[in-house]
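Work through the exercises below with the coordinates open. Each task is followed by a solution in steps.

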Amino acid sequence: MSWRFKASKYKNAAPKVPKPDEWVRDLCIGSYQINGQVIKASASFMAFNADVAGSNLYVIPLNDTGRKPKNYPLLHAHSDLVTDLDFSPFDDGLLATGSQDSMIKLWSIPECGLSETLTTPECQLTRAHQRRIENVLFHPVADFLLSTSSGNAMTLWDIHKQQELMTLSNEEEVFQSLSWKADGSVLATTSKDKKVRVWDPRANSVTHWADSHSSNRESVTTWLGASNRILTSGFDSSRQRQVFVRDVRNFSQVEFSLVFDSSTGLLLPLFDADTQMLFLAGKGDNTIGFHEVNERDPILTEGLRHTGQQSKGACLVPKRALRVMEGEANRVLQLTANAVVPISYIVPRKSYREFHADLFPETAGSEAPIYASQWMTGTNATVEKILLDPSRWQGKNLHIIRGPLSQRKEEVKVVKTVPTPKPRKSVSDESSLTSNNIMAKPFVAPKPSPRFNTNEGNGTTENQGGGPRPVAVRRSSSLRTGPSATVEEKENNTNGNLTDMSAKKRSDSDRTVNQAKNGEEDDVFKAPTTAQRRQMFQDRINSVQETSSGTSVVDSSSSNAVAASPLPKRATRIFGRVAKFRHLHGTVMPRNTHLENFRGLDNALPTECNGFHGNPERVAVPLNGPGGRIAILELKKGGRLPDGPLAAFFNTCKVLDFSWDPFNSRRLAVACDDGRIRLWEVNGDGDGGILMESSNEPMKMLEVAQNTDRITIVVFHPLVADVIASVSADYVIRVWNIQTGAVTIQLEPHPDQVFGVSWSPCGCKTAIRQGAGPNGVKGARVTWALDGKFLLVSGFDKSSQRLLYVFRSTDLSASLNTLNLDVSPTLLIPYYDEDSATLFLTGKGDTTIHCHEVSEDPPHLFPLSHHKCTTALQGLALLPKHVCQVKDVEFARFSTLTSNSIEPLSFTVPRVKNDYFQDDLFPPTKVLWEPSMTASQWFGGANIPPKRMDLKPNDMETLSSLKAQSTTPSASTAPPIVEPIVSVTNGGGGIGGGFLSAVSARKEREKGAQLEAAISSQLEVNLTLEQDGMIGVDESEWDN
């Protein structure tokens, strides 16, 4: 039994988790009811589901790290949930996806990744009566051969010819997982009938089958490499998780089994055939187990376990992408709730200067020996193996991007022959590495730093080879090509070789010229901050645009003109979006402005009613009890409300909705369930913050003859006086002329209940969200944004998830973006500030006000700082712009309703120069508190836009005028090393030098002197010294 104690090279492999800065973070990932690993990786990319619906995919470069902006380009794959995906083993950019919409699509990912949203696939595959796609898996040996499963049918496809090769049927139940043997001869499957099968697809037969796990819940199988063993993972009848290992030579018996804890998350087996390392990652678990697979009992030997984030999915990185010079035997990509965590399993060694061949055996290469058509005719082959020693692949490419399938037609016509057994060529042979599929910019594998013999006696360094002394470069785990990469690294990535630095020594001016051509930074400078890098990158874009519009750049070392480099990506794509209102701050105003001791709030209003409305002078709040009472509370005087009953308007029937007239702060419209609209007029200003006396006689009543349908919604026109729109229970929208009391416009009835109505900013259209919009039936709201270009809709899905949809107003067929906020029974009510393009969202009973910036750039919604309230909110009322204190940089103000008080809430933006008018935050605002036209003009066809008003106070200077007054200092004598990259002012201007200009400094000194003089004038200053009053020696006595 000595084999039990034989040394294992990988038993001490330890999981190493990098710092969060090296994760892929800030991702929008939902919860999906799908089988499989959820995430897949090639040697160049990783792909996984994105958004709430899961119909889009993130496709991110494998070595990418850091936070991802909300507008990161996605792969818009399907119209429904993507259920499985897989990368081709012979093309790192070929991705296959299957979806709940019964479609299979092939995608070609560009070499540089997704720079914009990708919506067009290479091809689509489907068959008659096909159900939801459960599994998508490429063949491990034959190129262009794809296997999929849908329901109880398993199909093999030739993706190049876009045709179905054959279909295997499982008469019993739905396929749950597929796994090819490493040689591609047979296939293992699990299904809902609790059986595991081995198929020979070319013979269209089942060679082996056996009863598997006793539960029909999700199960998965995987071949243990090219061996005869199959591993399955599933559940028993008591929900205990199990792992079985079977040998096809005795398939009916379980050779080895492990029983784990009871849980709802399946254990995903991730097996590496080269190292015999098996990883078990449970969905919903925060641990990942590591086992070694042995030839004899015990088949599985446990190693070190990793504990960290909770997993939604996991996958292994192909061996061609590992950092072998750091002892990385395997790398697991763990998909969490909002990040991808790379977990490296490192085998400890004393030194990693040399390549450890015992840790990295030969692995499968990227060249397919046969094609799908050859495999179908019975041809078998093995994939040629390669070594991972970086010295064998120096300057060569291990990442293969073969391009679109349409460009590979000529390649398919060449019939490949299966290689006969013969001694394998040396990987270092140049001819064996030549391929038309090598990328233009090859991936350079890391290699050990050169060693030197140092003669300390004379202080010289000699090379052992006697040739030119090699240059030692900084070792890095990944090659950097972004703005933070050093000059030496970029030259290494571009040229693929190193030269003698002594022969390439340059002066400062030559270095500047080289940086101007390549857009590089000098390595001697300190790394800039993110804000500085953004400004540097933007200035570089501007300089490139100026160069491209002028004459071409001429290389000093050549007489040929060099074309201007293409424009780089937008700064927002690389550094993330910058919003002026990103750090908005909500503040409850002083307590003397509150109305306290409020009671009797009616919480039984229908979903269509916001439940609270206000204007700058007063608010309207519905009261519980009979009679349809609405209390009117004055805001000009805060304090405690009396303990007695509050004076109110009695509507004599149930109130369904109400709204203030935007041009008359005393007029209130109330919709009731008797089919009438009551118009009330507030008389007097009230005493102590309340209405003087109750009333049950409205000023005017609007009704349709012989119509008893209840009015559910009332909305005043935002630009026209005496015009109001209503929605009744018969799904009809009517537009009323209050002056005549008649219905002037009546729209066609809608097929379902109307949840919300919103006038467009121009006042010509109304946006209606019907009951069939969001999946839920709990209501919805709609509002216009960005001058009527977009519609924002809040609603629910079937699982009570609160969602926010973005539609283009000219195309309501599909949403541009869907934002998943949280799970709650109350509807999110949107409040939109047009000047700042800021959307505020909150619901009844919530303690958080969600804030987002609305933009024309995808994904159109960018999160801002949310506001947390100390008490639960019952309603909000957005006040007009002219009530904001622009001197305090206040851009929005609300009246908030809680269970017992009404409190004003102010939203401000922190600014350093707040003594100047922030004209970048406060554009000329629309005067929406005065009508732009009369009802007769609007009904007659007029369309007069509203006036605009400048909010700048007369005693304040604008911030833009301060920047315009900045003077340009004298030129500096220092060499402008950074000038080709950053457009700065020499002599101390630097980045953002406008605020450090001489004019600004002079004004600050003048203000300080004025303040000092004002304080000195109010103080009594005694300039006499203490020693002046002392008696000392006379001056004549000094002569003695």
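**Exercise 1.** In the hairpin of β9 and β10, which residue takes a positive phi?

Solution. The model is a predicted one.
Step 1. Locate the strands: β9 covers residues 91-99, and β10 covers residues 104-108.
Step 2. Inspect the connection, where four residues lie between the two strands.
Step 3. Read off the backbone angles there: Ser102 has a positive phi near 70 degrees.
Step 4. Check the pairing: β9 and β10 run antiparallel and are joined by five bridges. Within this pairing, Thr97 stands opposite Lys105 of β10.

**Exercise 2.** Determine which strand β10 joins through three bridges, and decide whether the residues of β10 are buried or exposed.

Solution.
Step 1. Three bridges connect β10 with β11, residues 123-125, and the two run antiparallel. One bridge pair here is Ile104 with Leu125 of β11.
Step 2. Apply the burial cut-off, under 20% relative accessible area. Five of the five residues of β10 are buried, so the strand is largely enclosed by the rest of the structure.
Step 3. Sort these residues by face. In a regular strand, side chains alternate between the two faces of the sheet. On one side of β10 are Ile104, Leu106 and Ser108, and on the other are Lys105 and Trp107. Both faces are therefore covered, since the residues on each side are buried.

**Exercise 3.** Give the strand order of the open sheet that contains β3, and state which strands stand at its edges.

Solution.
Step 1. The sheet has four strands in the order β3-β4-β5-β7, paired antiparallel.
Step 2. β3 (39-41) and β7 (75-76) each have a single partner strand, so one side of each lacks a neighbour in the sheet and both are edge strands.
Step 3. Examine one pairing: β3 and β4 (residues 45-50) share three antiparallel bridges, and Ala41 has Met46 of β4 as its bridge partner.

**Exercise 4.** Describe the span 75-109, which a UniProt record lists among its WD repeats.

Solution.
Step 1. The unreviewed entry places "repeat: WD" at residues 75-109, 126-167, 168-200 and 704-746.
Step 2. For residues 75-109, the secondary structure is 0% helix and 66% strand.
Step 3. The end C-alpha atoms of this span lie 9 Å apart.

**Exercise 5.** What surrounds Phe894, leaving aside its neighbours within four places in sequence?

Solution.
Step 1. Phe894 sits in strand β67, residues 890-897.
Step 2. Its relative accessible area is 1%, and Phe894 is buried.
Step 3. Its contacts include Tyr831, Phe840, Leu876 and Phe907.
Step 4. Pro904, another contact, is 10 residues away in sequence and 5.7 Å away from C-alpha to C-alpha.

Conventions. Residues numbered from 1 in each chain as written. Predicted model: local features only at pLDDT ≥ 70, side-chain atom pairs only at ≥ 80, totals over all residues. Heavy atoms only, no water. UniProt positions renumbered as here; feature names shortened; annotations may be inferred. Pairing = 2+ DSSP bridges. Buried < 20%, exposed > 50% of the residue type's maximum accessible area, 1.4 Å probe, protein only. Contact = heavy atoms within 4.5 Å.
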